[in-house]
Amino acid sequence: RIDAHHLRRNVPTRLCYLGPVLHTRPDDFGGSRNPMQIGAELYGHAGVESDAEVLCLLIETLKVAQLPAEFIDLGHVGIYRGLTRQAGLSKEQNQTLFEIIQRKAMPELRICLNDWQLESAISEMLLALVELNGDIEVLARARKALAAAPAEVHTAIDELQQLARLVQQHDDSISLHFDLAELRGYHYHTGLMFAAYADGHGAALAQGGRYNDIGKVFGEARPATGFSLDIKSLISLKPLPTAGLNGIMAPAVDDPALRIVINTVRQQGERVVCALPGEECSAQQLGCDRELTCVDGNWTISPAA
């Protein structure tokens, strides 16, 4: 809406946002229905270069958050769409196939394709699609397995190859994983898709991709690509910092001289924690490495016992 109504530019526009989002259901098990979403979007450029810019920004964002991505999962909805259009499936068949591909249920897929009596070349390509996942070598396998696919499928594979090259030029330490049957965001995305993962965490840290013409409903159908992530999820994954002992404990003593010392020490930038009457606790339990003690009528700071 901002790009279409407020800015109305004919040049590429880069925007970012932060705000709460409400989901009917959480994205993953234990996830929040009300994430604090942050994201970046680039409007007005249809080339792979803008997808690469957004993905590289995501990689750098996770580094700043001290949760660097272990690997990036890449996909392209154009591959599945091109194959299903070539197959000429009905609406019901398309829905059934979509659900099977999402589950990667190969035996069930074989039964459906046999029942639908599709051309053998098309059936073989749909079967191959489920197993086209892995490292960059997958793209070479895809060119052979999907050789009979329409031009849009091969264009999609080319775009994946180009995106991988651009991302590795930016950061060759990132491991890239390709899944040509990935249908996450299928009804929203229009091209390249990506998700970032960290070791030991099953759900994506962040995800994004291309969603051209999203502004059409606002009267401005422009190319668009972007990513989003949930700050709450990132915070939950980061271990809480271990606070070192750094403070002064004052005893629960009603003494005007003690109050003066406390105020003076606080004005000097020290943290003073006052013990409460009736509570027995050590300086360490209050996060303090020192304590105020009275020696010959004078309050002094000494190492905690």
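Let me start with the sheet: eight strands form an open sheet, and their order across it is β1-β2-β8-β7-β6-β3-β5-β4, with mixed pairing. Strands β1 (13-20) and β4 (133-134) stand at the edges with a single partner strand each, so one side of each is left without a neighbour in the sheet. When I say that two strands pair, I mean that DSSP finds at least two bridges between them, and the strands (E, at least two residues) and helices (H or I, at least four residues) are themselves DSSP runs, numbered from the N terminus.

Before I go on, please keep in mind that this is a predicted model, in which local features need pLDDT of at least 70 and side-chain atom pairs count only at pLDDT 80 or more, while totals for chains, interfaces and linings use all residues. Residues are numbered from 1 along each chain as its sequence is written, and side-chain values use heavy atoms, with hydrogens and water left out.

Now let us look at strand β8, residues 224-230. Which strands pair with β8? On one hand there is β2 (residues 36-43), which pairs with β8 in the antiparallel sense over seven bridges, and here Q37 stands opposite D230. On the other hand there is β7 (residues 206-210), which also runs antiparallel to β8 and is joined to β8 by five bridges; in this pair, G209 has G226 as its bridge partner. Strand β8 is mostly covered, since six of its seven residues are buried, where buried means under 20% relative accessible area, exposed means over 50%, and partly exposed is in between, with a 1.4 Å probe and protein chains only. Further along the sheet, β3 and β6 run antiparallel and are joined by six bridges, with H76 standing opposite L192 of β6. As a general reminder, in a regular strand the side chains alternate between the two faces of the sheet.

From β3 (71-76) I would like to move to helix α3, residues 77-87, which is mostly covered, with nine of its 11 residues buried. Among these buried residues are V77, Y80, R81 and A87. What covers them? The cover of the buried residues of α3 includes β3, α4 (91-103), α6 (120-131), α8 (151-170) and β6 (192-197). Just after α3 comes G88, which takes a positive phi of about 65°.

Helix α6 deserves a closer look, and S123 is found there. Is S123 buried or exposed? With a relative accessible area of 10%, S123 is buried, and, not counting residues up to four places away in sequence, S123 touches L113 and L118, where contact means heavy atoms within 4.5 Å. In the loop between α5 (106-116) and α6 we find Q117, a residue other than glycine whose phi is nevertheless positive, near 55°. Q117 counts as exposed, at 70% relative accessibility. A similar case to look up is D296, which is not a glycine but has a positive phi of about 55°, which lies in the loop between β11 (290-295) and β12 (298-303), and which counts as exposed at 77% relative accessibility.

In the segment after β12 there is A305, which is exposed, with a relative accessible area of 85%. A305 and S282 are 23 residues apart in sequence, and their C-alpha atoms are 8.3 Å apart in space. Leaving aside neighbours within four places in sequence, A305 is in contact with Q284 and E291.

Next, the cysteines. A disulfide is a pair of cysteine sulfur atoms within 2.5 Å, and by this rule the count comes to zero disulfides. For C274, the nearest cysteine sulfur is that of C288, 9.5 Å away, and C274 counts as partly exposed at 37% relative accessibility. C288, in contrast, is buried, with a relative accessible area of 0%, and its sulfur is 9.0 Å from the closest cysteine sulfur, in C281, which is too far for a bond.

C274 also brings me to my last topic, because C274 is one of the residues that line the second largest pocket, together with others including P251, D254, R259 and A275. A pocket is an open set of points on a 1 Å grid over the protein atoms alone, where a 1.4 Å probe fits, with protein on both sides within 12 Å along at least five of seven lines, and lining residues have an atom within 4 Å of a point. The second largest pocket has a volume of about 150 Å³, and helix α10 (residues 256-267) gives the largest share of its lining, five residues.

Definitions and conventions. Grid points are joined across faces, edges and corners, and a volume is the space filled by probe spheres set on the points.
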